[in-house]
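Colleague: Could you take me through one helix of this predicted model in some detail? I'd like to hear what surrounds that helix and how its residues are arranged.

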Amino acid sequence: MKTKLSKAPGRLDGRVAWISGATSGIGEAAAELFAQEGAQVAVVGRRLELGRKIAARINRRNPGAALALACDVSSEAEVAQSIASTVKAFGRLDILVNNAGMVEIGDLHTYSEAQWDRVMGVNVKSMFFAFKHAFPLLQAARRGYVVNVGSISSFVGQARTPVYTTTKHAILGLTRSIALDYAAHGIRCNCVCPGITETPMLWEHLNVRPDPSAALAERLRRVPMGVSLSPLDVAKSILYFSCEDSAGVTGTSLTVDCGYLTAAEWQCTGPTAFQKKSSTP
Ligand SMILES: NC(=O)c1ccc[n+]([C@@H]2O[C@H](COP(=O)([O-])OP(=O)(O)OC[C@H]3O[C@@H](n4cnc5c(N)ncnc54)[C@H](O)[C@@H]3O)[C@@H](O)[C@H]2O)c1
């Protein structure tokens with residue numbers, strides 16, 4: 001007699017997620033992970049062709065799970081349109097992941113007003129737009145999950161990124177405000193704060209240094225675990241806040257940084273167990 005293997009239930013079966021900045025890095029990893037966990041996912045980003053490739057890859061493994069949508073998150077009209085398109089395609093919305101972000105490197109006195117406004121618009125105002133247009137849908141879903149992506153820069157300063165650091169601090173305040181004001185509507189809102197994560201944004205930071213790889217190695221010496229994060233490492237924490245594994249948790253942040261912020265000063269003196277391939281679980 002043949003035994004039929006049934007797929008284990010996913011954490012996000014029947015849920016629909018809108019993920020911004022899903023055309024690379026952490027957002028892309030979250031889109032893949034969410035689809036594996038049973039969700040239908042809007043892969044939202046400015047680069048539609050890239051989004052389509054990612055959606056096609058996800059759909060090969062999980063047919064019908066992904067849809068690519070073009071959207072500049074600093075435009076309220078485009079955010080509203082992408083949320084409307086998500087619901088048109090998938091019929092509902094349960095999870096909002098505000099992950100898109102950008103960095104501007106420079107000294108504060110050299111910034112133009114337009115540069116300041118651009119980073120504020122992409123990193124923070126976008127979250128207001130997305131929440132505003134998702135709210136009725138999250139409320140209708142009876143349980144709504146909002147996950148904002150902050151940074152270790154939500155807690156400490158980093159050299160030559162004053163507006164980025166300001167936005168990442170602001171995201172914590174916005175997370176708490178949404179958590180407080182919308183708990184009565186069945187919506188939980190939390191913030192994931194990554195440390196050094198191997199994505200295009202990290203290299204944008206490092207490429208301004210004369211030797212980017214040496215600059216990364218130097219930064220990792222300050223990290224107790226001695227390693228950088230993969231986008232998937234961070235996506236797992238986004239997933240945690242997007243399902244009932246985090247039941248009862250709202251208005252909080254989760255720092256995922258390999259221990260970076262645990263010490264004011266730290267110098268790795270030798271290889272850590274996390275750096276040895278043989279110790280991979
Ligand atoms: N990589 C790190 O070390 C690190 C550390 C802390 C926090 N973060 C945060 O993680 C989030 C994801 O970044 P990442 O590291 O995956 O980098 P990334 O560059 O791969 O991803 C950022 C994404 O945001 C998108 N984006 C930028 N401007 C946009 C706009 N106007 N409209 C729509 N999409 C836009 C980009 O196209 C890209 O897909 C960001 O909020 C970032 O600040 C990253």
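Modeller: Happy to! Let's take α3, where the buried residues are Val79, Ser82, Ile83, Thr86 and Phe90. They lie on the same side of α3, because the arc they cover around the axis is only 95 degrees. Among the elements covering these buried residues are three strands, β1 (16–20), β2 (40–45) and β3 (66–70), together with the helix α4 (113–140). Turn to the face directed away from the buried side, and you find Ala77 and Lys88, both exposed.

As for the helix itself, α3 runs through residues 76–90, 15 residues in total. From first C-alpha to last it reaches 21 Å, close to the 21 Å expected at 1.5 Å a residue. Just after α3 comes Gly91, with a positive phi of about 90 degrees.

The partnership with α4 deserves a look of its own. The two axes, of α3 and α4, come within 9 Å and cross at roughly 35 degrees, and the crossing is right-handed. On the α3 side, the contact is made by Glu76, Val79, Ala80, Ile83 and Val87. On the α4 side, Ser126, Phe129, Ala130, His133, Ala134 and Leu137 take part. By character, the residues of this contact between α3 and α4 comprise eight nonpolar, two polar and one charged. Val79 and Ile83 thus appear twice in this account: they belong to the buried residues of α3, and they also help make the contact with α4.

Terms used. Residues are numbered from 1 along each chain as its sequence is written. This is a predicted model: local features need pLDDT of at least 70, side-chain atom pairs count only at pLDDT 80 or more; totals for chains, interfaces and linings use all residues. Helices (H or I, at least four residues) and strands (E, at least two) are DSSP runs, numbered from the N terminus. The expected span of a helix is 1.5 Å times one less than its number of residues. A residue is buried if 20 or more other C-beta atoms lie within 10 Å of its own, exposed if 12 or fewer, and partly exposed in between; C-beta atoms are placed from the backbone. The arc is that of the directions from the helix axis to the C-beta atoms. Two residues are in contact if their C-beta atoms, placed from the backbone, lie within 7 Å. Axes are lines fitted to C-alpha atoms, for helices over the stretch in contact, and angles run from 0 to 180 degrees between N-to-C directions. A crossing is left-handed if the near helix is turned anticlockwise from the far one by less than a right angle, and right-handed if clockwise. Ala, Val, Leu, Ile, Met, Phe, Trp, Tyr, Cys and Pro count as nonpolar, Asp, Glu, Lys and Arg as charged, and the others, Gly among them, as polar.
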